[in-house]
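Please study the sequence and the structure displayed below. The exercises that follow each come with a worked solution.

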Amino acid sequence: MEIVRPSTLDEVLSARVEMPGAELLAGGTDLMVEINFGHACPEHVIALRRVDDLKDEGDGRIGAGVTWARLESSDHRALAQLARTVGSPQIRAAGTIGGNIGTSSPAGDGLPWLAAVDAEIEVASQARGVRRVPWNGFFTGVKRNTLEPDEVVVAVVLPDEVPANQEFAKIGRRSAMVISTVSACVVRYDDGRVHVALGSVAPTPLRATRAEELIAAERDPSKATLAEFSRLVAEEVRPITDLRSTEAYRRHASGILSRRLLERCLARC
Ligand SMILES: Cc1cc2nc3c(=O)[nH]c(=O)nc-3n(C[C@H](O)[C@H](O)[C@H](O)COP(=O)(O)OP(=O)(O)OC[C@H]3O[C@@H](n4cnc5c(N)ncnc54)[C@H](O)[C@@H]3O)c2cc1C
């Protein structure tokens, strides 16, 4: 295995062209697991650790190389909440938001937040320069996305308005070091709009848009409305039964979790 260690984004993009099929390596907390289990055996690896261009955070951008350890103190409340749930301190010190996006696992804990705040993924290539892809145009299936072989994820780009009122939580089979059975993120805008995004309940992160529409019309939702909100979320998710949980449990938990997060947001209004 040949490993190259570029130190600028331009060098990364050149390496992408010179070594087609090379794997990008950020923190390695997903890729090295694949390699250690023999599921991946790349001939060439492009290590991103030295690329400072990918590590900037601020002004509505989060560089792909920003680690979960750094995001634990993000000003975005739900992003900080979810960062604190990723793996262990060792995993958070190495693992990056760009690697989470690159893996595109349905259980990636960063993805519901990207969906909830309507983030774009900025990608770059030597041939076509920079393009921005809305989150729902990027993730296409289980561990599938629209990144081209010569491209690199450069950053997460946030819209002008990201509400401060936001909550994330996840459910797993134990309370630490756990892959999400269901994860959810709720953000509430000052004008009453609510975005509800869920993870681990479909091939890609998804938004429960019917539940969002219902609740946007309600300043002070009644118990019956909250129950209907919960029911709509449970109806909108598309979970499967697998080794971590059943379809029925994931559906039920999606509704309950989203309602709890919404209630926390409403309590701050
Ligand atoms: C013990 C353990 C616990 C974990 N717990 C969690 C958890 O609780 N929640 C969670 O969401 N995840 C968890 N993970 C998975 C992993 O830590 C995260 O997905 C992490 O964000 C991956 O980031 P990384 O920098 O290590 O990615 P890497 O392993 O370096 O890369 C992952 C993939 O993304 C690609 N990639 C990396 N950077 C880029 C880039 N800039 N552009 C394009 N592609 C890129 C790589 O080529 C590779 O295919 C866990 C993993 C382990 C081993």
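Four exercises follow, on the ligand, the salt bridges, a network and an aromatic pair.

The model is predicted: local features need pLDDT of at least 70, side-chain atom pairs count only at pLDDT 80 or more, and totals for chains, interfaces and linings use all residues. Residues are numbered from 1 along each chain as its sequence is written, and side-chain values use heavy atoms, with hydrogens and water left out.

**Exercise 1. The ligand**

Describe the shell around the ligand and the backbone contacts of the ligand.

Solution.

Step 1. A residue counts as near the ligand if one of its heavy atoms lies within 4 Å of it. The ligand is surrounded by 33 residues, and the closest are Leu24, Ala26, Thr29, Asp30 and Thr96.

Step 2. The shell is sorted by residue type: Ala, Val, Leu, Ile, Met, Phe, Trp, Tyr, Cys and Pro count as nonpolar, Asp, Glu, Lys and Arg as charged, and the others, Gly among them, as polar. The result is 16 nonpolar, 13 polar and 4 charged residues.

Step 3. Polar contacts (pairs of N or O atoms within 3.5 Å; within protein, one must be able to donate a hydrogen and the other to accept it, and residues adjacent in sequence count only if both atoms are side-chain atoms) are then listed. A polar backbone atom of Gly28 is 2.8 Å from an oxygen atom of the ligand. For a polar backbone atom of Thr85, the distance to a ligand oxygen is 3.4 Å. A backbone N or O atom of Val178 also lies 3.4 Å from an oxygen atom of the ligand.

Step 4. Accessible areas come from the Shrake-Rupley method with a 1.4 Å probe; for residues, only the protein chains shown count as cover. The ligand taken alone exposes 990 Å², of which the protein buries 88%.

**Exercise 2. A salt bridge between two helices**

Which helices hold Arg210 and Glu235?

Solution.

Step 1. Side chains of opposite charge can pair when their charged atoms come close. A salt bridge is a side-chain nitrogen of Lys or Arg within 4 Å of a carboxyl oxygen of Asp or Glu. The structure holds 22 salt bridges.

Step 2. Arg210 and Glu235 form a salt bridge through their side chains (2.6 Å, N to O).

Step 3. Helices (H or I, at least four residues) and strands (E, at least two) are DSSP runs, numbered from the N terminus. Arg210 lies in helix 9 (residues 209-216) and Glu235 in helix 10 (residues 223-236), 25 residues apart.

**Exercise 3. A bridge within a network**

Is Glu167 buried or exposed, and which residues share its network of salt bridges?

Solution.

Step 1. The side chains of Glu167 and Arg268 meet in a salt bridge (2.9 Å, N to O). Glu167 is in strand 11 and Arg268 in the segment after helix 11 (247-267), so the pair ties together parts 101 residues apart in sequence.

Step 2. Buried means under 20% relative accessible area, exposed over 50%, and partly exposed in between (1.4 Å probe, protein chains only). Glu167 is buried because its relative accessibility is 2%, whereas Arg268, at 39%, is partly exposed.

Step 3. Salt bridges that share partners join Arg77, Glu167, Arg264 and Arg268 into one network.

**Exercise 4. The aromatic pair**

How are the rings of Phe138 and Phe139 arranged?

Solution.

Step 1. Rings of Phe, Tyr and Trp (its six-membered ring) pair if their centres lie within 6.5 Å; planes under 30 degrees apart count as stacked, over 60 as edge-to-face and the rest as tilted. The whole structure contains 1 aromatic pair.

Step 2. The ring centres of Phe138 and Phe139 are 5.1 Å apart and the planes stand at 80 degrees, so the pair is edge-to-face.

Step 3. Phe138 is buried at 0% relative accessibility, and Phe139 is buried at 6%.
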